[in-house]
Amino acid sequence: MDDFLTALVQIFAVSTLLYMLVGSVAGIIAAAIPGFTVTMAIVLTLPLTFTMEPLQGVAVMLSVYVGGLTGGLISAALLGIPGTPSSVATTFDAFPMARKGDPGRALSLGVWASFFGTLISTLFLVVAAPPLAVFAVKLGPWEYFSLIVFALTIVASLVGDSVIRGLLAGLIGLAISTVGADPILGRPRFDFGIEMLETGLPFLVVLIGIFAISQLLSEVENARTVRSGAKLVTDAIDFKTWKVMKEVLMSPVNLIRSSVVGVLIGALPGAGGSISNLVAYDQAKRASKTPEMFGTGTPDGVIASEAGNSATAGGGLIPLIGLGIPGSAVDAILMASLMVHGISVGPRLITDHGDLVYGMFIAMAVASFMMLIVSVLSMRLFLRVAEVPKWLIVPTVLTCCVVGSFALNNRVTDLYLLGIVGLVGYALRTLGYSLAPLVLGVILGPIAETNLRRALMTDSDPTQFLTRPISLIFLIAAVLSIGWAIRSHLKTNKMNGVKDANAS
């Protein structure tokens, strides 16, 4: 109790709350800019916390983190461009909803889902940190590979109108992930003697090119509408955030399920929001009575994605606090911040620095409320983006994309890759290919390959994937997932056939 009260006093100090408020605003703005990730924002924040008390510094970085997980929603909903990798699935329904004249509803749904997702993950963090951390650390490369195989089956739910085109897009993504240095031995491969491919295709460059550049090119296809000053959203903007809050709470199963998915995936080191938002979206679609509505602007899709990605914040802290193992790049930076202050991060963190751990729990909850307040108060300002003429917004966003891509590694060659990937993405979009499976392949490909090779290097017996219980469970889930997807597509095709027959 003494540790808890000490942490409470430190977090609710006026100076700490002001710093956290600034951090929340910075995180939201940074994540809303395509190409400028939450990790970049945290890295820039780290030096500023060196002069602060350990708990105050961590609280500020957690505010940036929580704000950043929500900020990606803004460009995803209003521009169709995920601000961060963890908001990819948000574009599937938030952007169509905004295009239908409900950008305020799309943003409000995402903000409230993020808020509740963060709170739920914080509760899990407080209650389940030690046992979940122990479970996460017991997973070997066999379990991780099987988990990624299960995650790859999500492609079947994201294929769009054509199963074949969707699967081809997923294979293209997996192929892209193999270009560059070998993840185990570091040997170059599939670079075809081209210098700029020697280091591979950076994931963020692919993400920005596939989604951002292709979307911007689609916006300027019709030169007449651009010259006439057409806006991204032509209908009147309606903003009723409290009404939308009730709408989110009316979907408790989807909200809690998606948050639990985010917590569990966040607790697995190396997974993170880029996977959890897609898995949460996939599970919501599978459980829905109207899965065909997903991708057209359904609220459940926005709620699932945002609750799932925001819940990874609490999930990622579970192995960090319980075992001293960072669950993501952001958690590694938090760990570095504590070590700078002479705090040893490991299994004894809770015992030796109970006030710090309780302070992190409280800071997560406070950061979620700050994110909510900042988002609600600034929502109308964000919605102004939808009223900006295309001839102004397109070059502005394009500039942000270019700057973000260059800032990643400070390589001019990344800009060439950005342009090429963008043109490929635009061509695939024009031909009717779903871009989501491609991005999923790029995200999961390296993780799957690395863990497969580690498993076989540890023990060359492939039956280990079947004899280890957790690995077997994931593989069975993958088979069931594929079966469910095939059944759904056959059912949809049958219904479409009946409709066509009735129409004729």
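Select helix 5 and helix 9 to begin: these two helices are roughly parallel to each other, and therefore they make a simple first stop; roughly parallel here means an angle under 35 degrees, while over 145 counts as roughly antiparallel, 65 to 115 as roughly perpendicular and the rest as oblique. This is a predicted model, in which local features need pLDDT of at least 70 and side-chain atom pairs count only at pLDDT 80 or more, whereas totals for chains, interfaces and linings use all residues. Residues are numbered from 1 along each chain as its sequence is written, and side-chain values use heavy atoms, with hydrogens and water left out.

Helix 5 covers residues 90-99 and helix 9 residues 203-219, and their axes come within 15 Å and cross at roughly 20°. Axes are lines fitted to C-alpha atoms, for helices over the stretch in contact, with angles from 0 to 180 degrees between N-to-C directions, and helices are DSSP runs (H or I, at least four residues) numbered from the N terminus. Now show the side chains of Thr91, Phe95 and Arg99 in helix 5, which meet Phe211, Gln215 and Glu219 in helix 9; contact means heavy atoms within 4.5 Å. By class, this contact of helix 5 with helix 9 has two nonpolar, two polar and two charged residues, where Ala, Val, Leu, Ile, Met, Phe, Trp, Tyr, Cys and Pro count as nonpolar, Asp, Glu, Lys and Arg as charged, and the others, Gly among them, as polar.

Keep helix 9 selected and add helix 20, whose axis comes within 10 Å of that of helix 9 and crosses it at roughly 180°. That makes helix 9 roughly antiparallel to helix 20. Phe203, Val206, Leu207, Ile210 and Phe211 in helix 9 meet Ala436, Leu438, Val439, Val442 and Ile443 in helix 20, a contact with 10 nonpolar, no polar and no charged residues.

Next, follow helix 20 along its length to Leu444, where the helix bends by about 35° and Pro446, a proline, follows within four residues; the bend is the angle between axes fitted to the seven residues ending there and the seven starting there.

Finally, select helix 2 (residues 14-32) with helix 4 (residues 54-79), whose axes come within 6 Å and cross at roughly 30°. That makes helix 2 roughly parallel to helix 4, and the residues of their contact divide into nine nonpolar, 12 polar and no charged.
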